[in-house]
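The following paragraphs accompany a structural model and are meant to be read beside it. Please keep the sequence and the coordinates in view while reading.

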Amino acid sequence: MNSGSALLAISDKRHLHKAWREISKRNMLSKGSDNVTIKAFKASLDQNLSDISSELRSGRYTFQKLRAHAISKTASSKLRPLQIASVRDRVVMKSIALFIEPTFRSFDLP
């Protein structure tokens, strides 16, 4: 498969909807550096996914900066640093992961 057909598959609106369904939505107020929460993204889901699809297909899609956040470690006083992607970037990353997953399943791992 060439990169053009891979991009068409990843940017397909149905594929993006599947990716959306598979990202974690446990914290609807989770947000990236763009301050768009999962809840807000969902409120305009069809438009957001259409925008992502168009941007991917035109080569204009760019990943946003990650949002730094620290959480407490279990059984420790130290903090665990996290880097949180925007909701739209999570959808794109999940779309890519879903696309390449079948290829990796075919590898014989020890």
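How many helices and how many strands are there in the protein chain? The chain, which is a predicted model, contains 5 helices and 2 strands. Followed along the sequence, these elements give the pattern α-α-α-α-β-β-α.

The overall dimensions come next. Taken along the principal axes, the C-alpha atoms of the protein chain fill a box of roughly 50 × 45 × 20 Å. The protein chain has 110 residues, of which 30% count as buried. About 7700 Å² of the protein chain is exposed, and carbon and sulfur atoms supply 55% of that area. When contacts between residues at least 6 apart in sequence are considered, 62% of them join residues at least 24 apart.

The N-terminal part offers a helix pair to examine. Two packed helices are described by the angle between their axes and the distance between the axes. Helix H1, residues 3–11, packs against helix H2, residues 13–22, at an angle of about 55°, and their axes are 5 Å apart. The two helices, H1 and H2, are therefore oblique to each other. On the H1 side the contact is made by Ala9, Ile10 and Ser11, and on the H2 side by Lys13, His15 and Leu16.

Some of these residues also meet Ser53, which belongs to helix H4, residues 45–58. Leaving aside residues up to four places away in sequence, Ser53 touches Ser11, Lys13 and Leu16. Ser53 has a relative accessible area of 5% and is therefore buried, the limit being under 20%.

Salt bridges can be considered next, and the structure holds 2 of them. In one, Arg88 pairs with Glu55, and the closest N and O atoms are 2.6 Å apart. Because Arg88 lies in helix H5 and Glu55 in helix H4, this pair ties together parts that are 33 residues apart in sequence. Both partners are buried: Arg88 has a relative accessibility of 15%, and Glu55 has a relative accessible area of 19%. Arg14 forms a salt bridge with Asp12, with the closest N and O atoms 3.3 Å apart. Arg14 counts as exposed, at 66% relative accessibility.

Helix H5 spans residues 87–105 and also holds Ile100. Ile100 is one of the residues of a nonpolar surface patch of about 580 Å², made together with Phe63, Met93, Ile96, Phe104 and Phe107. Why does Ile100 count as partly exposed? Its relative accessible area is 36%, so Ile100 falls between the limit for buried, under 20%, and that for exposed, over 50%.

Finally, the backbone deserves attention at two positions. Most residues other than glycine have a negative phi. Asn35, although not a glycine, has a positive phi of about 65°. Asn35 sits in the loop between H2 and helix H3, the latter covering residues 38–43, and Asn35 is exposed, with a relative accessible area of 52%. Ala75 is likewise not a glycine and has a positive phi of about 60°. The loop that holds Ala75 runs between strand S1, residues 67–72, and strand S2, residues 79–84. With a relative accessible area of 84%, Ala75 is exposed.

Technical notes: Residues are numbered from 1 along each chain as its sequence is written. This is a predicted model: local features need pLDDT of at least 70, side-chain atom pairs count only at pLDDT 80 or more; totals for chains, interfaces and linings use all residues. Side-chain values use heavy atoms; hydrogens and water are left out. Patches are made of residues with over 30% relative accessible area and no salt bridge: like charges are joined within 9 Å, nonpolar side chains (Val, Leu, Ile, Met, Phe, Trp, Tyr) within 5 Å. Accessible areas come from the Shrake-Rupley method with a 1.4 Å probe; for residues, only the protein chains shown count as cover. A salt bridge is a side-chain nitrogen of Lys or Arg within 4 Å of a carboxyl oxygen of Asp or Glu. Helices (H or I, at least four residues) and strands (E, at least two) are DSSP runs, numbered from the N terminus. Buried means under 20% relative accessible area, exposed over 50%, partly exposed in between (1.4 Å probe, protein chains only). Contact means heavy atoms within 4.5 Å. Axes are lines fitted to C-alpha atoms, for helices over the stretch in contact, and angles run from 0 to 180 degrees between N-to-C directions. Angles under 35 degrees count as roughly parallel, over 145 as roughly antiparallel, 65 to 115 as roughly perpendicular and the rest as oblique.
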